[in-house]
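Subject: Handing over the structure

Hi,

Here is the structure I promised to pass on to you. Have a look at it first, and then read on for what turned up.

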Amino acid sequence: MRRKTCSRGFVHASLMLLLIAIVPACGDSSGNNANREDNAANCQDGKDNDGDGDIDCDDSECKAWSFCQAKTDTGPTPDTTVDQGQCTCDDGLDCTDDECLPGGQCKFTPKAGKCAIDGKCYDDKAAHPSVGCLACDAAKAPNNWTVQDTGSCDDGNPCTKNDTCAGGVCKGEFYTCSDADECTEDVCDGNGGCTNNLKTDACKIGTACYFKGDKDTNGCNECDPTASQSAWTPITGGCTISGICYKAGEKDTTGCNQCDPNTSTTAWTPVTGGCNISGTCYAQGDRDASGCNQCDTATSTTAWTPLTTVDCTIDSKCYKNGDKDASGCGECDSTASATAWTVKGNVCLVNGVCYKPGDAGADGCETCDPSQSKTALSTASNVCAIAITTTSTLCFPAGTVEPTGCSYCDPATSTTAWTPYTDRCKIGSTCVAKDTRSPNGCQICDPATSTTAYSPLTTDCQIGSNCYLTGEKITGGCASCDPTKSTSAWTPDAGKCLVGTTCYNTGAKSTNGCEECAPATSQTMLSPVANTCQISGQCYTGGTKHPSTSCTTVECDPATSATAWTVKGSECLIGSTCYADTTAHPSSTCTTTTCNASVSKTSWTVAGSECLIGSTCRAEAAINPSNQCQVCTSATDKYNWSAATNVCLIEGVCYAAGATMNTTTKSCLVCDPTRSATEWSIATNACYLGGADFGSAQAACYASGAAHPDTTCAATTTCNPTVSQTRWTTTISTNCAIGARCLAAGTNDPTGCYTCTPATSNNSWTQVAGCNKTLFAALNHGYQGNLGGVSGADAKCQAQADAAGYSGTWRAFLGATTRDLTQLVSGASAAYPVVNLHGSQLWASWSAVFCGGSSCAWPSAAGYMPSFDNRVVNEGQATPDWNDADGWNGALSTGATDGANNCSDWTDATSTSTGRHSEWDSYQLFNTESPVSCATLFAVGCVRVSP
């Protein structure tokens, strides 16, 4: 190093900047005149501080300071030692050239290929010792670090690799050393490598990680890294029994055994002082459920020990004198009773509940009155306990009026039922005052006659569905209401006739002149005019000859017939043609058919074993081609088909004996003429069950022994033909098996008037007390006019209602000579609403069924009429069935029978007989359609007329 001298010098580069700042120039004598040169500051301030004429290093007092002592250049190229007393510009670095500049300042210039940075020397391109991306660039900045964007570096993050410089920033590629195991410490080596060492407080057992103190599933082992980091370490001070760990003193489920490590760490140790009986621990003196045995360890610790003394045995349990029941009111007192609790004190003990005097029962109708009974509640005074359902009773104070307002609680009369007011009638669910008239005005509330139905008025007339006052006239004025003669029909005036609704004076004749009003004979029908014949709507005087026949002896002879021509001679008038006696039938194939005036003068006579049916001759035993259930049996009837034997005519179709209904669900229905020639019979080893139960499937066939389709009933309910072929045979005591469903006790049918009451019947409905409705249903299929008379139709209704589980008396809704439909339901029942089996109301009362007009309909909201087997009468049903969804009635809309149109009182199914019917699919029970052939299949209604 080459050294330059000046009036002042600096030995160390570290002092250079400071000295430059505080020394304006070497040898400068300006400044303060302090009197001493004994400190470093004064020896370098360029002043003569002590006034001896010597400045700084020239002053002897400054010779002690190092910077004023002689120096030797120790660099690679030593300079000449500077004489003592002179200052030196020297930064102490071998990589710089040092020189003193004018003005007393030093300059240190880095040598070529060198950098002098922060008091240290670096070779060109040398990297910063600690900061990446900085290097010595002697050409650019020999005194400062230069940004380096090439080469490797270290960003100081151990989890990056391939660190490089970019824009003066060292960045590496991140990577992770996580092994997703919380048990390990994850360490990066900065080169993409990792180490995953187990943490000092963790255990890796199997594949699971645990930390110090964690226990295994049975609680008997724990993680103890100081003992093992790869296996459980047993816990001391407990028991491991059957793989489960227990603490010292912990008991088993019986409470009779405990963990006692001092005795055993692998088995239970029995607890002393008790009994372990059948896996349950009991203390000394504990009794069993009967109270007749106790735990007596002196006798046995594993079995009950019988008590040696028993004072009371109550409800199969043993007690000692003084023992009390659960309520605390009953006490064992063998002197009073050894079999029942003795009530001590002024209380009542009823069904295990203790009552104080005056305490009320749950329904409020009974109270505790020890003076009357200590073991039963006594009836409260001045209240009524009234059942509101089959299972619920409520208590009402005296004077309480029931909801309809027709009755009230009167304990003096009854404590269990409402007492009716004497001036009111409860009709259906409505209460009406005495003397209130019915909607049609012809009936009245008369409690003296009935408190549950309107009573007929005796001073007025109910004609049809209208009411008329005494003396009121019919339109036309020939009849009036006269209750002394009739309360249901007009009474014609004297000398008048009322035929239908038409009035006639005496002698007035019909249009054709053959009938006249003859009040002495009849006031409700026109009477024949004497000596006349009414033939084919024409009137003829007696003796008048037939106007168009060739017969010479045919005339009107009222003495013989007033409605047909009379043949006087030996001729036959058949139709409008006259035949001489013995003349053969002109077109019949019968060989023995002739005019035989001695037998009949108005029809052909068949002499041989043939049948003349219509104009066709049929051989003996010939089958009717349109009805195979009919044959020619001349011995029975030579002129009409006779019923065949060993066949069934069902729903208009003829079946041979043994034939079955060709459906899967009705395969058990067979033709058995020995039982019925007009109905299907159930095969002897089967049942036909179901229908009429809340919309279940139709009735179906079941083999003997088949289980009920509802699994709730299946185990106890089967088809048992020997008991019943139309109802399930069941041993159920808590449910009802009705139709295709198993019903819980208390379940009501849709009408709300019938309920499942197993105690009464478990295969049919039981009527709900106080619920009264008239039920209307349809038979299960259509019928022609021959129903076996009204008695046969009634029997069909009764049988199908029974099979559907409905009690009571059922009748067919068919008018006949012996039956006016208005009289089917009478008395109190006439006021009940009429509903179908779906519970929908059809009419408000029985009288409302008969409108007296052209149409009587039920509400369309009620839907089509349901049958007993759960179909509805509507078009589109499987055939043969209900033709056009009509129903037979055989009556007028007033309920009166139409004698000319009732299929001969429901015994005739021929096409020549007719019956009245109505459009059930239009919700009409009566309408004005013309009567139709009794060979038609129509629905038949059934009415429950009484309970």
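To start with a small one: which residue in S61 does Thr-633 stand opposite? The partner is Asp-637. Please keep in mind throughout that this is a predicted model.

**The sheet around S60**

That pair of residues belongs to strand S60 (residues 627–633) and S61, which pair in the antiparallel sense over three bridges. Together with S59 they make an open sheet of three strands, in the order S59-S60-S61 and with antiparallel pairing. Strand S59 (623–624) and strand S61 (637–643) are at the edges with a single partner strand each, so one side of each has no neighbour in the sheet.

**The five-stranded sheet**

Further along there is an open sheet of five strands, this time with mixed pairing, in the order S75-S84-S74-S76-S77. Its edge strands are S75 (809–812) and S77 (841–843), each of which pairs on one side only. From one strand to the next, the twist averages 35°.

Within this sheet, strand S74 (residues 774–778) pairs with strand S84 (residues 941–946) in the antiparallel sense, over three bridges. There, Ala-778 is opposite Gly-941 in S84. Helix H3 (residues 789–803) lies across S75 and S84, and runs at about 135° to S75.

**A hairpin**

Strand S70 (residues 735–738) and strand S71 (residues 741–744) run antiparallel and are joined by four bridges. Ile-738 stands opposite Arg-741 in S71. The hairpin has two residues between the strands, and Gly-739 takes a positive phi near 65° in it.

**Salt bridges**

You may like this part. Side chains of opposite charge can pair when their charged atoms come close. A search of the whole structure gives 19 salt bridges, and helix H3 takes part in a couple of those I looked at.

What does Lys-796 meet in a salt bridge? Its partner is the side chain of Glu-679, at 3.9 Å from N to O. This pair links distant parts of the chain, with Lys-796 in helix H3 and Glu-679 in strand S65 (residues 676–682), 117 residues apart. Both Lys-796 and Glu-679 are buried.

Another salt bridge is formed by Asp-794 and Arg-811, with the closest N and O atoms 3.8 Å apart. Asp-794 lies in helix H3 and Arg-811 in strand S75, so the pair ties together parts that are 17 residues apart in sequence. Is each of these residues buried or partly exposed? Asp-794 counts as buried because its relative accessibility is 10%, while Arg-811, at 30%, counts as partly exposed. Elsewhere, salt bridges that share partners join Lys-125, Asp-137 and Lys-140 into one network.

Asp-672 also forms a salt bridge, with Arg-675, and here the closest N and O atoms are 2.9 Å apart. Arg-675 has a relative accessibility of 42% and so counts as partly exposed.

**Cavities and a pocket**

Rolling a probe the size of a water molecule over the atoms shows where empty space is left. In this model the count comes to two cavities of 30 Å³ or more. The largest cavity holds about 70 Å³ of space. Which element gives the most to its lining? That is S84, with three residues. The residues lining the largest cavity include Thr-774, Tyr-832, Arg-944, Val-945 and Ser-946.

If you want a pocket to look at, the second largest one has a volume of about 1,000 Å³. It is lined by 31 residues, of which Trp-418, Lys-426, Ala-769, Gly-770 and Cys-771 are the closest to its centre. Strand S33 (383–387) and strand S37 (424–427) each supply at least two residues of the lining of this second largest pocket.

**One more residue**

Finally, Asp-48 sits in the loop between helix H1 (16–22) and strand S2 (87–88). With a relative accessibility of 18%, Asp-48 counts as buried. How far apart are the C-alpha atoms of Asp-48 and Ala-830? They are separated by 151 Å, and the two residues are 782 residues apart along the chain.

Best wishes

Terms used
Residues numbered from 1 in each chain as written. Predicted model: local features only at pLDDT ≥ 70, side-chain atom pairs only at ≥ 80, totals over all residues. Heavy atoms only, no water. Pairing = 2+ DSSP bridges. Axes fitted to C-alpha atoms, helices over the stretch in contact; angles between N-to-C directions. Contact = heavy atoms within 4.5 Å. Salt bridge = Lys/Arg side-chain N within 4 Å of Asp/Glu carboxyl O. Buried < 20%, exposed > 50% of the residue type's maximum accessible area, 1.4 Å probe, protein only. 1 Å grid on protein atoms, 1.4 Å probe; cavity = no way out; pocket = protein on both sides within 12 Å on 5 of 7 lines; lining within 4 Å. Points joined across faces, edges and corners; volume = space filled by probe spheres on them.
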